[in-house]
Amino acid sequence: MLAFAAKAQVLMHGQITHPEFSDQHVVIEKYINGTRSPDVVANYKGKYSLELPFHCVTELVFKADKCLPLKLSVDTRPQDEDQLTNRTYDVPFNIELFPHFKEVKYSSKMLDVFGIIGMTGEGDETFGFEPNQSVIKLIKEYKIIAAQKLVDGVEPAQVKDELTKLNDDVSVTVNEAKAEKSLEKKTANQVQVAKQAAVSEVVAKAKAEELQSARDKLSKENAQSEQKEFTQQDHQNLNKQSKAEAYFEQKRIQEACTNMRIERQRDAEMLAASAGLVEKKHSLPAKVNVVKNTTEQSTFYTENYLIYERNGETLTLVHTTYNWLLFTADYYYFNGKEITKNEYELEKKSVF
């Protein structure tokens with residue numbers, strides 16, 4: 001639990017930041033033990049100040065024009081009998097609102113309480129903030145989508161009352177896209193394992209048939225040898241023939257195993273390439289020509305573009321960093337497809 005510095009009343013104050021397109025003040029709805037109290041209005045700079053009574057739970061709803069509301073709970077009930085409730089506690093708390101877009105669907109959990117401020121029990125002059133991690137995660141994902149909408153020039157919309165009636169199954173988040181990608185990768189791996197098992201089974205069957213044929217042949221020769229008398233030379237010839245057959249049988253087995261490994265490697269490369277896990281290898285050393293290496297910055301994010309040519313093919317590496325007051329997120333893309341940080345660093349090293 002994070003602790004705020006305390007001075008000596010419960011006075012909660014801070015600043016609310018919200019998009020510049022909003023031409024209205026931020027309104028803070030206040031519910032004390034479930035009962036609506038007079039609202040608080042922040043000034044033109046978003047600063048606010050409000051006093052809260054002890055021994056109660058206060059729910060604060062921060063609202064602004066064309067912004068999604070955020071809900072915070074403040075619990076002033078002491079955790080320890082020794083904690084004083086006749087003094088004034090200073091609780092600073094800043095919050096950021098973000099724009100609402102009607103065409104973006106999201107989970108109704110985002111309208112739940114995103115955190116609780118309460119007495120920590122570590123002393124009589126300390127309040128702490130405990131976040132609701134599941135709601136914070138959804139807010140972080142939606143902020144990234146909202147930032148991209150603003151960059152694309154989409155106009156934010158008014159928040160409607162039915163927003164609170166949304167169901168979780170209509171949410172479209174970044175995690176769903178990642179889950180789908182993970183499922184595709186898992187399916188490709190399963191196909192690869194199944195194909196390797198099939199190849200191994202065919203090779204094992206061929207080997208068993210070949211050994212059985214050799215045994216049958218040797219058994220037949222032994223049966224024929226019992227019907228006549230062998231001279232010393234006959235025995236020597238038979239030994240030479242057996243050694244030769246054993247030698248060639250070993251060579252055939254080695255060749256079959258080598259062909260199986262080559263086929264398995266070829267299948268693995270084909271499956272990995274079809275799943276987008278590896279790039280097609282060029283027969284000649286790659287010639288890299290850097291076309292553009294720039295950095296673009298905006299209010300909400302920073303993007304590093306690296307455009308280069310390799311063997312006549314134009315490739316693009318992008319590193320996007322989203323910067324918010326409460327969160328920071330990094331994403332990496334190769335030719336418009338999201339990749340991991342390690343894959344990004346390896347590709348970048350191949351260029352420079």
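Where does His55 lie, and between which strands? I looked this up in what is a predicted model, and I found His55 in the loop that runs between strand S5 (47-51) and strand S6 (57-63).

I then checked the backbone of His55 and noted a positive phi of about 60°, although the residue is not a glycine. The relative accessible area of His55 came out at 52%, and because the cut-off for exposed is over 50%, I entered His55 as exposed.

I turned next to Asn311, which is not a glycine either and has a positive phi of about 55°. I placed Asn311 in the loop between strand S13 (301-310) and strand S14 (313-323), and with a relative accessibility of 35% I recorded Asn311 as partly exposed.

After the loops I looked at the nonpolar cores. The largest one holds 41 residues, and I listed Met12, Tyr48, Phe62, Phe93, Phe114 and Ile117 as those with the most contacts inside it. Strand S2 (11-17), S5, S6, strand S7 (70-75), strand S10 (113-119), strand S11 (127-131) and helix H1 (133-151) each supply at least two residues of this core, and I noted that H1 gives the most, with 6 residues.

I followed Phe114 in detail and, leaving out residues up to four places away in sequence, found that Phe114 touches Leu70, Lys71, Leu72, Phe93, Ile95, Phe129, Pro131, Asn132, Val135, Ile136 and Ile139. Apart from the largest core I logged another one, of 9 residues, with Leu315, Ile339, Tyr344 and Val351 among them.

Methods: Residues are numbered from 1 along each chain as its sequence is written. This is a predicted model: local features need pLDDT of at least 70, side-chain atom pairs count only at pLDDT 80 or more; totals for chains, interfaces and linings use all residues. Side-chain values use heavy atoms; hydrogens and water are left out. Helices (H or I, at least four residues) and strands (E, at least two) are DSSP runs, numbered from the N terminus. Buried means under 20% relative accessible area, exposed over 50%, partly exposed in between (1.4 Å probe, protein chains only). A nonpolar core is a set of buried Ala, Val, Leu, Ile, Met, Phe, Trp, Tyr and Cys residues joined through side-chain atoms within 4.5 Å. Contact means heavy atoms within 4.5 Å.
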